[in-house]
Every structure is written in C-alpha cells, then in structure tokens.
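Got your viewer open? Let's take a walk through this structure, one selection at a time.

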Amino acid sequence: MDQDEGLTAVDNIVTQFNTYEDFLDSQITTVDLYYLEDESLARQLVELGYRGTGEIVKREDFEARKAAIDIARLAERTQKKALTSAGKELQDNFLKALAMREEDNRNGKVSTVIFIRDKNSHGQEVSGYIDYAHRLKTEDFEVYFTGKRRLLPRPTDMSFYNWDNHIAVCNSSPNYQVLADNPEGLLFKYKRDRKILNVDPKAQPGDNSTRIPIQTELYTHAVLFDHISRRKT
C-alpha cells in the first residue's frame, strides 16, 4: 500500500469514528470479549495488532488525521460563512458599496467608517459614524444584505446623535480612538498606524484615507471613509 492509499484508508476510518476508542471497539468481536473478559485489554491487543478484524491504525496517526480533517472542515465552513454579502443580488448603491468592502474589512486590509443620517423606527432623525470592521465581527450582517433590516447608527457606535432629543454619544472602538474635543471637530485616530481620519466634508480626510459619498435610496445621507493602513503587521 502506497502513502496515498494509506492516508485514504486512515481518512475513511477517521471520518467513520469519533474517537480512537470507538475505532478499537469496532475491531473487537464478542468472542474476544468472551475469552479475554476485559474490554481495556482487548483494546490494547487491537492497538498492538494482535486482534482485530480490519485495518491497523496507530493512535497517533488516527488523532493527527482527525485533527487535520477537523481543521480543514472548520476552515471550509469559515470561508463559506465569511462573506455574508456573497451571492446576494444587491440593488442599492449603499449595500453594493458595503459588499465590495466586506472582505477587506474582515481581513484588515481596509478600515471603513460608515456615516449614516436618517430616521429610526420611531421617526426620530439620527446620525452617526460606524466602525464597519468592528460591526462585522460583532453582528450578523445577513439581515442588512438581505434587506430585512436597515443598518443604522447606535449609541454604542463611535458617534451617535439623535437630532430630536439632542442626545450625543461618542465611543472609541477596537480600531479607532475618538477625538471629540478639538478645534477641527470630530476626529478618529486609527489605532494600528495612529493616522487621523477627519470626517469634516470641507476638510481632507487624512493620510491614506478617502471620502466616498454614496447616492442611495435607503438613507437621507450616507458617506464611506476608507482608510488603508501602511503599518506592517
């Protein structure tokens, strides 16, 4: 039996049994148990190759292949679930723009700050700045990309303002430090490269940052700020 055939045989066994003990038990006959009168001894004899009705597989080979197969399955599931925008027929420019940036925000190549201004479910006008990468990690965006819900700023986002009751909240995120008290207005400092993002529409957004207004039917006003970190990780 060559190496490939050996691996295939082990893989078949590994996928069939949850544990190595389960595999050993499958090799033990009722006759073995009758004469040996000891299940653990019967397992040891199968493991050593003195008993058994099929392929001899060492414990370390079984566990190594089991771990490798589990890792491969997890990676495949993660890859399939990674992009919640994948396969969606998106009509609005805003959702299309988020979909284009989803993968890069998940892997850290780009950090996008989302500005939204619109009315909430109570009819109150709200606005705020959202750390897209952070929201992707803490929330399932399936509901947004399928249109079941609209993405809106929350009091837990980097910046939130309710225009009706004048509630204003600022919070630093895992990616940005909020700089609220300064003459230039609201600023965000990206923690990886310490670059400043200026969200003032009359000012330049800053080094390695781009401001992209979005024409959308979903919101009164929507803008994306893309920041590319130059710091090596």
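Before you click anything, here is a term to keep handy: a residue is called buried when its relative accessible area is under 20%, exposed when that area is over 50%, and partly exposed in between. One more thing to know is that you are looking at a predicted model.

**Stop 1: a bent helix**

Select residues 93–107, which make up helix 6. This helix has 15 residues, and from its first C-alpha to its last it reaches 23 Å, close to the 21 Å expected at 1.5 Å a residue. Now look along the helix for a bend. Where is the kink in helix 6 centred? Zoom in on Arg 101: the kink there is about 40°.

Stay on Arg 101, which is part of helix 6. Is Arg 101 buried or exposed? Its relative accessible area is 14%, and the cut-off for buried is under 20%, so Arg 101 counts as buried. Arg 101 has company, since the buried residues of helix 6 also include Phe 94, Leu 95, Ala 97, Leu 98, Glu 102 and Asn 105. As you colour them, keep a general rule in mind: an α-helix has 3.6 residues a turn, so residues three or four places apart point the same way.

Next, add Ala 133 to your selection and draw a line from its C-alpha to that of Arg 101. These two are 32 residues apart in sequence, yet 9.5 Å apart in space.

**Stop 2: Tyr 132**

Now click on Tyr 132, which you'll find in helix 7. How much of Tyr 132 is accessible? Its relative accessibility is 0%, so it counts as buried. Pick Thr 112 as well: 20 residues separate it from Tyr 132 along the chain, while their C-alpha atoms are separated by 5.6 Å.

**Stop 3: a network of salt bridges**

Show side chains for Arg 135, Glu 139, Arg 154 and Asp 157. What links these four? They are joined in a network of salt bridges.

Start with Asp 157 and Arg 135, whose side chains meet in a salt bridge at 2.8 Å, N to O. The two come from distant parts of the chain, 22 residues apart: Asp 157 is in the loop between helix 8 and strand 3, while Arg 135 is in helix 7 (residues 132–138). Both of these partners are buried.

Then move to Glu 139 and Arg 154. Their closest N and O atoms are 2.9 Å apart, and the pair forms a salt bridge. Glu 139 sits in the loop between helix 7 and helix 8, and Arg 154 in the loop between helix 8 and strand 3, so this bridge ties together parts that are 15 residues apart in sequence. Glu 139 counts as buried, at 14% relative accessibility, whereas Arg 154 is partly exposed, at 31%.

**Stop 4: another salt bridge**

The count for this model comes to 9 salt bridges. For one of them, select Lys 88 and Glu 142, whose side chains meet at 3.3 Å, N to O. Lys 88 belongs to the loop between helix 5 (59–82) and helix 6, and Glu 142 to helix 8 (residues 142–145), so the pair ties together parts that are 54 residues apart in sequence. Lys 88 is partly exposed at 24% relative accessibility, and Glu 142 is partly exposed at 31%.

**Stop 5: the largest pocket**

Time to look at empty space. The largest pocket has a volume of about 280 Å³. Which residues are closest to its centre? Of the 19 that line it, those are Phe 115, Ser 127, Tyr 129, Ser 159 and Trp 163. Colour the strands next: strand 1 (111–119), strand 2 (125–131), strand 3 (159–162), strand 4 (167–170) and strand 9 (221–227) each give two or more residues to the lining. By class, that lining has 13 nonpolar, 4 polar and 2 charged residues.

**Stop 6: two loops with positive phi**

Finish with two loop residues. His 166 is in the loop between strand 3 and strand 4, and its phi is near 60°, a positive value in a residue other than glycine. At 55% relative accessibility, His 166 counts as exposed.

Then jump to Asn 208, in the loop between strand 7 (196–198) and strand 8 (209–213). Phi is near 60° in Asn 208 too. Its relative accessible area is 29%, which makes Asn 208 partly exposed.

Methods
Residues are numbered from 1 along each chain as its sequence is written. This is a predicted model: local features need pLDDT of at least 70, side-chain atom pairs count only at pLDDT 80 or more; totals for chains, interfaces and linings use all residues. Side-chain values use heavy atoms; hydrogens and water are left out. On a 1 Å grid over the protein atoms alone, a cavity is a set of points where a 1.4 Å probe fits but cannot get out, and a pocket is an open set with protein on both sides within 12 Å along at least five of seven lines; lining residues have an atom within 4 Å of a point. Grid points are joined across faces, edges and corners, and a volume is the space filled by probe spheres set on the points. Helices (H or I, at least four residues) and strands (E, at least two) are DSSP runs, numbered from the N terminus. Ala, Val, Leu, Ile, Met, Phe, Trp, Tyr, Cys and Pro count as nonpolar, Asp, Glu, Lys and Arg as charged, and the others, Gly among them, as polar. Buried means under 20% relative accessible area, exposed over 50%, partly exposed in between (1.4 Å probe, protein chains only). The expected span of a helix is 1.5 Å times one less than its number of residues. The bend at a residue is the angle between axes fitted to the seven residues ending there and the seven starting there.
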